[in-house]
Protein chains: 2
Amino acid sequence: MRMAEPPEPSITGVLHPGDMGVTVAAAAARSGTVLWASDGRSAETCERAAGAGLTDAGDLTALIDAADIVISVCPPHGAEALAAAVADLGFTGCFVDANAVSPATARRMAARFENFVDGSLIGPPAREPSTTRLYLAGPDAASVAARFAGSPLEARVLDGGDIGSASALKMAYASWTKGTNALLVAVAALAAAEGVSDELTAEWGLSQSGLSQRLTYTAIRSAPKAWRWVGEMEEIADTFAAAGLPDGFHRAASEVFARLGEFKNARSASVEQMLEALLNPAAPAGGAG
Amino acid sequence: MRMAEPPEPSITGVLHPGDMGVTVAAAAARSGTVLWASDGRSAETCERAAGAGLTDAGDLTALIDAADIVISVCPPHGAEALAAAVADLGFTGCFVDANAVSPATARRMAARFENFVDGSLIGPPAREPSTTRLYLAGPDAASVAARFAGSPLEARVLDGGDIGSASALKMAYASWTKGTNALLVAVAALAAAEGVSDELTAEWGLSQSGLSQRLTYTAIRSAPKAWRWVGEMEEIADTFAAAGLPDGFHRAASEVFARLGEFKNARSASVEQMLEALLNPAAPAGGAG
């Protein structure tokens, strides 16, 4: 009987440690080394990665040579190109797409890999326990989940989940949360265009508790992130269409977020600025998805 | 100096006393006679009108001969035809359209009358005080509002409101309340189609308090009324488009409600029945608006 070889060290690669991704990387760092690749990333990303104690592999080639699991956390419109780049470099480990993409997009990515796990993230960046879930589906889901044991990021393996089911869950979840954000902004813009903003605010005060506050909060917190949600809304709309359901809610939401794209580098926006951007879009709407 | 003639008696006509309309009629009945027209109406409507102490004028011609103010409360897809019928019979009093129509539809109706007041109703049928507002806009709005003094229906005249502004307020208000109802049902149908209903319900339990309960409530309370909202969603979509805003949210909502049309004569629906109707529509979707 041959002696068992010592287990390979666990090395997780995370592409790319943005605001959410860095908390995923930090959660995996409890169970072993976590690599990232600084090549072509912004100074802000470098600073975040260093602060989280991640190891810089340099570039993508070096990262995939070393890592046995690579997790992709990026804006949805870039997810498929990133998966293709990793596959084209000959990665033989387990690729986890954790992005907000349709089940069909997830299945197209899966076809490029021997080992693929369909993932999705629900919740804010995972800085505290019990706020954020990483849903995982596919044959290797449990081994990916093990990397997050005891971390603030709760990894949940979907029972009998086929590739696409973690993505479907995210699509359904975000279709409500972000879809209603987009609708709320559009409703406020309609009232402004029709000169009945004060009357709507007064009526909301009587019968829709908290809605005016939510509008203000959306301007402050969501307007700067809207550019990233254009592609996500298109992925959601595609998911509705594939299920034979109307896709118009999220095509419209995509257009709303595209019109808010000008706040990409802002710290926040006021309600007035947000409605102005919606009613007088600077450039032709749509497109970014 | 000629002696002032005694004031004309105040006679209000209400077309037609449905579930909402009968409470509007009952509210006006405190200030004078309220007529309705039984010609061609259902037994249920006759019973409701009798119970509210309304006077049956018989038919539309008799009603408009007697009334100085006529208030239209009907499904939005029938509003314009009803206004046209009243105008074509030569009504010279004040016509109030209180329906969920776009400002453009209100303005088209207004063009048929010497005296027109643009109205809209927000809230449930006005059985108790402080639940329901009748918004009114136009030169004669105050005299219409006077008919509801001291009643459970609070009449609010929009300051300097042009014809169309009461309708615009309703469109903006309902675009959120009914638009989110339609979206919620569609989201649940998507999760069902993708086999992740239980997972979505569990995640909602963690991070979207009350949403599962709202879904159940929507099935019970909204599915039977959905047929009436198809036209309202189209009016809202037209209002968004006229303001240069994306109309897709409410075109999609219209289709969702059209697929729920089969519950028109049901007392309620279960979530399962509702999702089945959405995912396997009996007839080609759309159309009823």
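**Strand pairing, helix packing and chain contact in a predicted two-chain model**

Within strand β7 of chain A, Arg133(A) is the bridge partner of Ile122(A). The model is predicted, so local features require pLDDT of at least 70 and side-chain atom pairs count only at pLDDT 80 or more, whereas totals for chains, interfaces and linings use all residues. Residues are numbered from 1 along each chain as its sequence is written, and chains are lettered from A and ligands numbered from 1 in the order in which they are written.

The bridge between Ile122(A) and Arg133(A) belongs to the antiparallel pairing of strand β6 (residues 115-122) with strand β7 (residues 133-137) of chain A, which extends over five bridges. Two strands are taken to pair if DSSP finds at least two bridges between them. Helices (H or I, at least four residues) and strands (E, at least two) are DSSP runs, numbered from the N terminus. In the loop between β6 and β7 of chain A lies Ser130(A), which is not a glycine yet has a positive phi of about 70 degrees.

Chain A contains 12 helices and eight strands. Its radius of gyration (taken over C-alpha atoms) is 21 Å, close to the 19 Å given for 289 residues by the globule rule (2.2 Å times the number of residues to the power 0.38), so chain A is as compact as a globular protein of that length. The C-alpha trace of chain A spans about 80 × 40 × 35 Å along its principal axes. In chain A, an open sheet of eight strands with mixed pairing follows the order β3-β2-β1-β4-β5-β6-β7-β8. Its edge strands, each pairing on one side only, are β3 (55-56) and β8 (154-157) of chain A.

In chain B, eight strands form an open sheet in the order β3-β2-β1-β4-β5-β6-β7-β8, also with mixed pairing. Strands β3 and β8 (154-157) of chain B are the edge strands, and each pairs on one side only. Strand β7 (residues 133-137) of chain B runs parallel to β8(B) and is joined to it by four bridges; Leu136(B) has Val157(B) as its bridge partner in β8(B).

Strand β1 (residues 11-15) and strand β2 (residues 33-36) of chain B run parallel and are joined by three bridges, with Gly13(B) partnered by Leu35(B) of β2(B). Between these strands the chain passes through helix α1 (residues 21-28) of chain B, in a right-handed β-α-β crossover. A crossover is right-handed if, with the strands pointing away from the viewer, the path from the first strand over the helix to the second runs clockwise. Helix α1(B) lies across β1, β2 and β4 (69-72) of chain B and runs at about 175 degrees to β1(B). Parallel pairing over two bridges links β2(B) to strand β3 (residues 55-56) of chain B, where Leu35(B) stands opposite Thr55(B). Together with helix α2 (residues 43-51) of chain B, β2(B) and β3(B) make a right-handed β-α-β unit.

Cis peptide bonds occur after Leu15 in chains A and B. In chain A the bond joins Leu15(A) and His16(A), with omega about -5 degrees, and His16(A) is found in the loop between β1 (11-15) and α1 (21-28) of chain A. In chain B the bond from Leu15(B) to His16(B) is cis with omega near -5 degrees; His16(B) is found in the loop between β1 and α1 of chain B.

Helices α7 (residues 165-193) and α12 (residues 271-279) of chain B pack at an angle of about 80 degrees, with their axes 9 Å apart. Axes are lines fitted to C-alpha atoms, for helices over the stretch in contact, and angles run from 0 to 180 degrees between N-to-C directions. The two helices, α7(B) and α12(B), are therefore roughly perpendicular (65 to 115 degrees) to each other. Contact residues (C-beta atoms, placed from the backbone, within 7 Å) include Val185(B) and Ala189(B) of α7(B), and Met274(B) and Leu278(B) of α12(B). By class, the residues of this contact are 11 nonpolar, no polar and no charged. Ala, Val, Leu, Ile, Met, Phe, Trp, Tyr, Cys and Pro count as nonpolar, Asp, Glu, Lys and Arg as charged, and the others, Gly among them, as polar.

The contact between the chains takes 44 residues from chain A and 44 residues from chain B. On the chain B side, α7, α8 (197-207), α10 (226-242), α11 (248-259) and α12 each supply at least two residues. Helix α7(B) gives the most, with 18 residues. The side of chain B that touches chain A has 28 nonpolar, 10 polar and six charged residues.

Key:
Angles under 35 degrees count as roughly parallel, over 145 as roughly antiparallel, 65 to 115 as roughly perpendicular and the rest as oblique. Two residues are in contact if their C-beta atoms, placed from the backbone, lie within 7 Å.
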